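Good morning, everyone. Please have the sequence and the 3D view open. I will walk through a few places, one at a time.

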Amino acid sequence: MKNSDKTNDIFIYSPFQNRNNNSETVWVAGCPCEVAVSVKNPFPFEFSVKNLALIGDGCTFEAVPVKLNLASAVDNPDYTTIRLLGMPREPGKLKITGYSCEVLGVKNICRLRSECGQKPFEVEVLPALPVLQLETSMPRAPVTEDEVDPAAETTVYSGQTFYHSVTIVNKSDTIGIEKVKLEIKQPKVFGGPNLIQLVVDDRENLLASNEQPELSIKLAPKEQKEVKFRIFGIDPSATADDDPTASSTVVPSVNRQSEVTVDSVMSSEADTISAGAPSIGQSHHDLIPYTGRLLTAEFVFTYTADVEGPEKKEKYERSCRLPIAVTIMPAVTVSNWHVLPGDGPATRYVVVDVTNSTDFDAELTYSQKMIGVQSREVCRVPLLCPCCTEVRASAFQDAAKRASHMMQMQEMEKLRRSLERHVAKHLDIRWSVPQMKLEGTVPVGSMLASVSLLKQLVIPTMSVDLTVNGTPYTSEDDLQICIGKPITIGITLLSSMRGERPFSGTLTLTCYQDLQNGLPTIDRNSHMSVVGSSRVPFTIETRAKAPSSKNQDVDEVVFRKLTRTMTSHRADFTVAFRYEGTYKVKPAVLLPNSFSSAFTDEEFFVSPVSFNVVTKIS
């Protein structure tokens, strides 16, 4: 491809400037070239064609003769496409005027004529250019018959990390390479590390997942340099699409805590996302990353020859590619998750259900603790995570009010990435399978892609600490009580609101049943009796506004100061249940003299208290 730096347009940029760019076929001196030819046997018998070769004029051209055996017109009435090879030996204008062949012992020279619909064609032959050769530390084998470049192959277990390298070699003896650019085409991942990441300096310095690789490499003749990269085994629990042409498909494979609606298909060849445009709702921004069993990626190197063309400032570019096929075997993966109150108003427990998909027992290490999980079993792992101070509780709600769907998605992705950077370091679970001598980390990309999960890890406008009969309630276990027995539910409101005026509202309790059958919850306020007032008015002070900071050390100070300076309000409710059943009781903050909620779900963090009401406790 010829690349000219000349810009004759008076505009810096015009959306129409590339409309007249016609792709021109050029050949390179000293490199094999080919012409596709369609042939057909018009006779009812089989015969052979010998020494079929192209005829060129204009510059030195070496044609490679081939021999054909053509089936009869009865057996094969259709045209057959073959490729005729040749090699131009010098630059200039090469005109393909026809072909020569030998049929039934008679040599024929056939000229292409315009009146027969087969006119001669002319190609430009460029001067000799360097050739970039790729060598990799991974084993290589052809994938299909049409593959010109053999693919590098490897197998990893989910969560494993392997480091490899690609050595780029300038095979030319006399011509250098001025610049090398690299593009990595791989399945798109919406959370966590990519399948392939470049190593910038060493193994501890990786290129960020959302950054494009930029290489500044110059190669002298016969010089070689090494490009290091990392392969990470992403979660392979989702099922791959049956369409063989689709390299990757977004398929949610397990039921998460919140409902996920995904209508998007990704192609690793184009590295683009085709997504539906659902209406702005509760969790439609959740995106589960593609995780298949066989993933394909590709390194595309584009390099500029250190050769100046006849026209001023004209450069010549070539490209070479390295296909990579990665087979990911399931090991220890995430199957579900929940978010519970932590040990303070600004922390949360992220409870992760981890599945051991191997045939052997595995060991899990997290937060300086170690537990074992048997083969094909699920283990629940609680991880304490501090809330993020960089994102406001109402930030996602504000993003959903943007003027266009594209602006909404861009703002959502910006907030998601900010929360991902904060949360990822606290979701570190390492696994090992001693009998297989394997180890790795549990891939949490599906969790980091879940906006509904990340929303619960910001400092809420209002959070709640609950006690039952004076005992803190920090789990999801059912509390067993008798019908009619009074119990005291203590509610402590913790506010992180900033402003100049105090906030006033009304605190109440709601009772409902969740049958966990996919249907909405059932209102059961009539099944619970409240002793005394069922609505308690309150006024809570707000804190003065503070300047924001992006410094990590300052953020830690802000986090500690925030947990100490949260204003609070305490209220107790005495309740009794009238009927048997499993109920959930949840506090609600209403506007004064109104039944409307004062906060959205993102601004008000609370976990309900679960009761199992029976007639008699044994």
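Two strands count as paired if DSSP finds at least two bridges between them. Hold on to that rule. One more point before we start: this is a predicted model.

Let's begin with strand S31, residues 462–468. S31 and strand S32, residues 471–472, are joined by 2 bridges and run antiparallel. At least two bridges are needed, so this counts as a pair. Look at Val468. Its bridge partner in S32 is Thr471. The two strands make a hairpin, with 2 residues between them. In that turn sits Asn469, with a positive phi of about 55°.

S31 has other partners. Strand S34, residues 487–495, runs antiparallel to S31, with 7 bridges joining them. Val468 turns up again here, standing opposite Ile489 in S34. Strand S41, residues 604–605, runs parallel to S31 and is joined to it by 2 bridges. There, Ser463 stands opposite Phe605.

Is S31 enclosed or open? Of its 7 residues, 6 are buried, so S31 is largely enclosed by the rest of the structure.

Stay on Phe605 for a moment. The charged end of Arg348 sits over the Phe605 ring, 3.7 Å from the ring centre. There is another case like that. Arg535 lies over the face of Phe595, 4.7 Å from the centre of the ring.

That brings us to rings. How many aromatic pairs does the structure hold? The count is 11. Take Trp27 and Phe61. Their ring centres are 6.3 Å apart and their planes are at 20°, so this pair is stacked. Planes under 30 degrees apart count as stacked, which is why 20° qualifies. The pair links distant parts of the chain. Trp27 is in strand S2, residues 26–28, and Phe61 is in strand S5, residues 61–63. In sequence, they are 34 residues apart. Trp27 has a relative accessibility of 8%, so it counts as buried. Phe61 is buried too, at 16%.

Now a second pair, Phe577 and Phe611. Their ring centres are 5.4 Å apart, and their planes are at 50°, so we call this one tilted. This pair also links distant parts of the chain, with the two positions 34 residues apart in sequence numbering. Phe577 belongs to strand S39, residues 567–577, and Phe611 to strand S42, residues 609–614. Both are buried.

Rings can also gather in a cluster. Ring pairs link Phe503, Phe538, Phe599 and Phe604 into one.

Next, a helix. H2 covers residues 405–423, which is 19 residues. From first C-alpha to last, it reaches 26 Å. That is close to the 27 Å expected at 1.5 Å a residue. Its buried residues include Gln408, Glu411, Met412, Leu415 and Leu419. An α-helix has 3.6 residues a turn, so residues three or four places apart point the same way. What covers the buried residues of H2? The cover includes strand S28, helix H1, helix H3 and helix H4.

On to the cores. The largest nonpolar core has 41 residues. Which of them touch the most other members? Leu364, Ile429 and Met447 do. Leaving out residues up to four places away in sequence, Leu364 touches Val332, Val354, Met370, Ile429 and Trp431, among others. A second, separate core has 32 residues, including Val156, Phe232, Leu295 and Val326.

Now some strands in the same numbering range as Leu364. Strand S26, residues 362–366, pairs with strand S29, residues 430–433, in the antiparallel sense, over 3 bridges. Thr365 has Arg430 as its bridge partner in S29. S29 is also joined to strand S30, residues 438–441, by 4 bridges, again antiparallel. On that side, the bridge partner of Arg430 is Thr441. S29 and S30 form a hairpin with 4 residues between them. Lys437, in the turn, has a positive phi of about 55°.

Last stop: Ile522. It is in strand S36, residues 522–523. Buried or exposed? Neither: its relative accessible area is 30%, so Ile522 is partly exposed. Beyond its neighbours within four places in sequence, Ile522 is in contact with Cys511, Tyr512, Gln513 and Leu515. Cys511 is 11 residues away from Ile522 in sequence, and 8.8 Å away in space, C-alpha to C-alpha.

That's my tour. Thank you.

Notes:
Residues numbered from 1 in each chain as written. Predicted model: local features only at pLDDT ≥ 70, side-chain atom pairs only at ≥ 80, totals over all residues. Heavy atoms only, no water. Buried < 20%, exposed > 50% of the residue type's maximum accessible area, 1.4 Å probe, protein only. Contact = heavy atoms within 4.5 Å. Phe/Tyr/Trp six-rings, centres within 6.5 Å; stacked < 30°, edge-to-face > 60°. Lys NZ or Arg CZ within 6 Å of the ring centre and 35° of its normal. Expected span 1.5 Å × (residues − 1). Core = buried A, V, L, I, M, F, W, Y, C linked by side-chain atoms within 4.5 Å.
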